[in-house]
Amino acid sequence: MLARMKNEQLLSISDVTKTFAGKNSKSPVHAVDGVSFTLNKGETLGIVGESGSGKSTLGRVILNLLPPTSGSIHFNSLDLSTLSARELRSARREMQMIFQDPFSSLDPRMKVGELIQEPLDIHKIGTQAERAALVLKIVESVGLSPEAIDRYPHEFSGGQRQRIAIARAIITKPKLIVADEPVSALDVSIQSQILNLLLQLQRELGLAYIFISHDLSVVEHVADKIMVLYLGKVVECGTIDEIFNNPTHPYTRALISAIPQINPEDRTQRTVLTGDIPSPADRPTGCHFHPRCAFAVDACRITSPELLPLTNQPSHSVSCHVFNGDSQ
Ligand code: SF4
């Protein structure tokens, strides 16, 4: 069923930008700049980049928690910008978010059962008895015991709290979940349990995920395709195989080469990323990556490269003057 669903489009983002007024400078902050992509039902898109790349802002813009400055977002063929507040609330039943920190994303004053049931109360779904039965079912489906319902979040470990947050996100039977660094606050030993749970729920419920992470090694395990962001712009996108077998943009190569390899045969020469990501309020001219790029030529300082498909891999696009397909 999941394979068939993966041909049906769920989300279409077209030329979306998000700009904030700068605090101490006159320059606006370009958090998201001209991002376009589509996502099918049951599919996972990984959005990767360093802190400050704009990926979390993009996640919130996709769910219309932050309205875009320009561009369009179509979810289930609905143009979110044209919906009334009531229609948007209704659409949100089908679009949920899981946050990085399960310690602060759950209200400590509410019992776990109340927390998980709250989205049903907000959207007025089912009778009280039906809501209680559904909470019990969902609690078990995320691997918690039924007794968890009467306890408070602080009584649980980080991994268990993330299971509670996942239960809360899936109880309205969403079609799309935006997961913003959902395992980065967890111990490594717990991370794979939560990733496996997300994959299991995707198979069972046909969920589409947007999986936001700074860690390409995490995204590699869950995503069908990957989009690499740098200072709000997409610098490379493609299927998981295309990105990992033929990383082309120097920034993507640096992120991949930073992944620790246990097997010495898998270790390639490391591309070290020097310096910090610049401020989105003061982006470098031309290719925003040029001050950190070992391959920069004069054109890189002047002209912003377009995101273009590689000649030999049309589903794999790269934004670079030097590594743009002809050089592959
Ligand atoms: Fe480096 Fe130039 Fe490509 Fe930017 S356009 S990534 S500076 S080579």
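How big is the volume of the second largest pocket? Notes below, point by point; bear in mind throughout that this is a predicted model.

1. The second largest pocket comes out at about 430 Å³. It has 17 lining residues, and the ones closest to its centre are Gln-96, Met-97, Phe-99, Pro-119 and Arg-168. Four elements each put two or more residues into that lining: helix 3 (85-92), strand 6 (95-98), helix 4 (112-122) and helix 6 (158-170). If you want one element to start from, take strand 6, which gives the most, with four residues.

2. On the make-up of that pocket's wall: 11 of its lining residues are nonpolar, three are polar and three are charged. Arg-168 is among the residues closest to the centre, and arginine falls in the charged class. Have a look at where the Arg-168 side chain points when you go through the pocket.

3. Now the cavity. The structure has one cavity of 30 Å³ or more, and the largest cavity holds about 70 Å³ of space. Its lining is made of 13 residues, with Cys-287, Cys-293, Ala-296, Cys-300 and Cys-320 nearest the centre. By class, 10 of the lining residues are nonpolar, three are polar and none is charged.

4. Where does the ligand sit? It is in the largest cavity. There are 13 residues around the ligand, and those that come nearest are Cys-287, Cys-293, Cys-300, Cys-320 and His-321. The shell around the ligand splits into 10 nonpolar, three polar and no charged residues. One caution on reading that split: cysteine is counted as nonpolar here, so the four cysteines named above add to the nonpolar side of the tally.

5. On to the sheet. Four strands make an open sheet in the order 2-1-4-5, and the pairing is antiparallel. Strand 2 (29-40) and strand 5 are at the edges; each has a single partner strand, so one side of each has no neighbour in the sheet. As a reminder, strands of a sheet pair through backbone hydrogen bonds.

6. Which residue of strand 4 is the bridge partner of Ser-14? That is Ser-72. The pairing between strand 1 and strand 4 is antiparallel and runs over five bridges. Strand 4 is also joined to strand 5 by two bridges, again antiparallel. In that second pairing, Phe-75 stands opposite Leu-78 of strand 5.

7. The turn between those last two strands deserves a look. Strand 4 and strand 5 form a hairpin with two residues between them. Asn-76 belongs to the loop between strand 4 (70-75) and strand 5 (78-79). Its phi is near 55°, a positive value in a residue other than glycine. Is Asn-76 buried, partly exposed or exposed? Its relative accessible area is 26%, so Asn-76 counts as partly exposed.

8. A second non-glycine residue with positive phi is Asp-15, at about 50°. Unlike Asn-76 in its loop, Asp-15 lies within a strand, namely strand 1 (residues 9-20). Asp-15 is partly exposed too, with a relative accessible area of 46%. I'd check the backbone there by eye.

9. Two buried helix residues to finish. Thr-57, in helix 2 (residues 55-62), has a relative accessible area of 17% and therefore counts as buried, the cut-off being under 20%. Thr-57 and Lys-18 are 39 residues apart in sequence, while their C-alpha atoms are 7.9 Å apart in space. Ala-91, in helix 3, is buried as well, with a relative accessible area of 7%. For Ala-91 and Val-135, 44 residues apart along the chain, the C-alpha separation is 21 Å.

Terms used: Residues numbered from 1 in each chain as written. Predicted model: local features only at pLDDT ≥ 70, side-chain atom pairs only at ≥ 80, totals over all residues. Heavy atoms only, no water. 1 Å grid on protein atoms, 1.4 Å probe; cavity = no way out; pocket = protein on both sides within 12 Å on 5 of 7 lines; lining within 4 Å. Points joined across faces, edges and corners; volume = space filled by probe spheres on them. Buried < 20%, exposed > 50% of the residue type's maximum accessible area, 1.4 Å probe, protein only. Near = heavy atom within 4 Å. Sits in = over half its atoms within 2 Å of the grid points. Pairing = 2+ DSSP bridges.
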